[in-house]
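Subject: Structure handover

Hello,

Here is the structure for you to take over. Please open it alongside this note.

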Amino acid sequence: MTNNDILRRIRYTFNLTDTAMVNVFASAEHTVTKEQVIAWLTKEDEEAFTPISDTEFASFLNGFINTQRGKREGEQPEPEKKLNNNIIFMKLRIALNMKAEDVIATLALVDFDLSKHELSAFSRKVDNKHYRVCNDQILRLFLTGVQKQHRPEESVE
């Protein structure tokens, strides 16, 4: 999954307008224009499409945490220069204030079983022997489960 795919899914799931998206970036002290947001949300095969960089997407995720849970005191975290699915998964979990049981229940909505041990392996440091890579399928299923929770009346994209 690309950063743009995930950005589109978050926007749809939480019904965020272009202005709301700009405000999410602003809450992480990152300034973007509506035009940039529209270009990032455009499908890959359209001319106006622009890929969103890891740093910009990390800023969005930090802003999403701030808008969902409130800004933390003091200096804001620096956006990561390089993202992977494990970091994205962790940031979404923080933004949605989900404990392990909540994530497991969310994945169960899309008929995917994950143990607490498997889930905790995604949060470990890369050099830990129990570290596991969060693959695209698990991230996609998690986003689909979150969508089912927040937009239950609508069919999944």
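Helix α1, residues 3-13, packs against helix α8, residues 136-150. The angle between them is about 15 degrees, and their axes are 9 Å apart. With angles under 35 degrees counted as roughly parallel, α1 is therefore roughly parallel to α8. The crossing of α1 past α8 is left-handed. Bear in mind throughout that this is a predicted model.

Which residues make that contact? From α1 come Ile6, Arg9, Tyr12 and Thr13. From α8 come Leu139, Arg140, Leu143, Thr144, Val146, Gln147 and His150. By class, the contact of α1 with α8 has 5 nonpolar, 4 polar and 2 charged residues.

**Cavities**

How many cavities of 30 Å³ or more are there? The count comes to 2.

The largest cavity holds about 50 Å³ of space. Its lining is made of Arg9, Ile10, Thr13, Phe14, Leu92, Leu96, Phe142, Leu143 and Val146. Two elements, α1 and α8, give two or more residues each to this lining. Some names come back here. Arg9 and Thr13 of α1 are in the contact with α8, and Arg9 and Thr13 also line the largest cavity. Leu143 and Val146 are on the α8 side of that contact, and Leu143 and Val146 line the largest cavity too. By class, the lining of the largest cavity has 7 nonpolar residues, 1 polar and 1 charged.

The second largest cavity has a volume of about 40 Å³. Asn86, Phe89, Met90, Arg93, Leu119, Phe122 and Ser123 form its lining. Here α5 and α7, the latter spanning 116-122, supply at least two residues each. The largest share, 4 residues, is from α5. The classes are 4 nonpolar, 2 polar and 1 charged.

**The largest pocket**

Next, the largest pocket. Its volume is about 220 Å³. Which residues line the largest pocket? They are Asn62, Ile65, Asn66, Arg69, Gly70, Arg72, Gln76, Pro77, Glu78, Glu80, Lys91 and Ile94. At least two of the lining residues come from α4 (54-69), and at least two from α5 (85-95). The largest share is that of α4, with 4 residues. Helix α5 thus turns up twice in this note: it supplies residues to the lining of the largest pocket, and it supplies residues to the lining of the second largest cavity. By class, the pocket lining has 3 nonpolar, 4 polar and 5 charged residues.

**Helices α2 and α3**

Now a second helix pair. Helix α2 covers residues 18-27, and helix α3 covers residues 34-41. Their axes come within 9 Å and cross at roughly 105 degrees. Angles of 65 to 115 degrees count as roughly perpendicular, so α2 is roughly perpendicular to α3.

On the α2 side, the contact is made by Asp18, Thr19, Met21, Val22 and Phe25. On the α3 side, Lys34, Val37, Ile38, Trp40 and Leu41 take part. The contact of α2 with α3 divides into 7 nonpolar, 1 polar and 2 charged residues.

**Glutamate 56**

One residue to finish. Where is glutamate 56? Glutamate 56 sits in helix α4. With neighbours within four places in sequence left aside, glutamate 56 is in contact with Phe25, His30, Gln36 and Trp40. Phe25 and Trp40 are familiar from above: Phe25 belongs to the α2 side of the contact with α3, and Trp40 to the α3 side.

How far is glutamate 56 from methionine 1? Along the chain, they are 55 residues apart. Their C-alpha atoms are separated by 16 Å.

Over to you.

Best wishes

Methods
Residues are numbered from 1 along each chain as its sequence is written. This is a predicted model: local features need pLDDT of at least 70, side-chain atom pairs count only at pLDDT 80 or more; totals for chains, interfaces and linings use all residues. Side-chain values use heavy atoms; hydrogens and water are left out. Axes are lines fitted to C-alpha atoms, for helices over the stretch in contact, and angles run from 0 to 180 degrees between N-to-C directions. Angles under 35 degrees count as roughly parallel, over 145 as roughly antiparallel, 65 to 115 as roughly perpendicular and the rest as oblique. A crossing is left-handed if the near helix is turned anticlockwise from the far one by less than a right angle, and right-handed if clockwise. Contact means heavy atoms within 4.5 Å. Ala, Val, Leu, Ile, Met, Phe, Trp, Tyr, Cys and Pro count as nonpolar, Asp, Glu, Lys and Arg as charged, and the others, Gly among them, as polar. On a 1 Å grid over the protein atoms alone, a cavity is a set of points where a 1.4 Å probe fits but cannot get out, and a pocket is an open set with protein on both sides within 12 Å along at least five of seven lines; lining residues have an atom within 4 Å of a point. Grid points are joined across faces, edges and corners, and a volume is the space filled by probe spheres set on the points.
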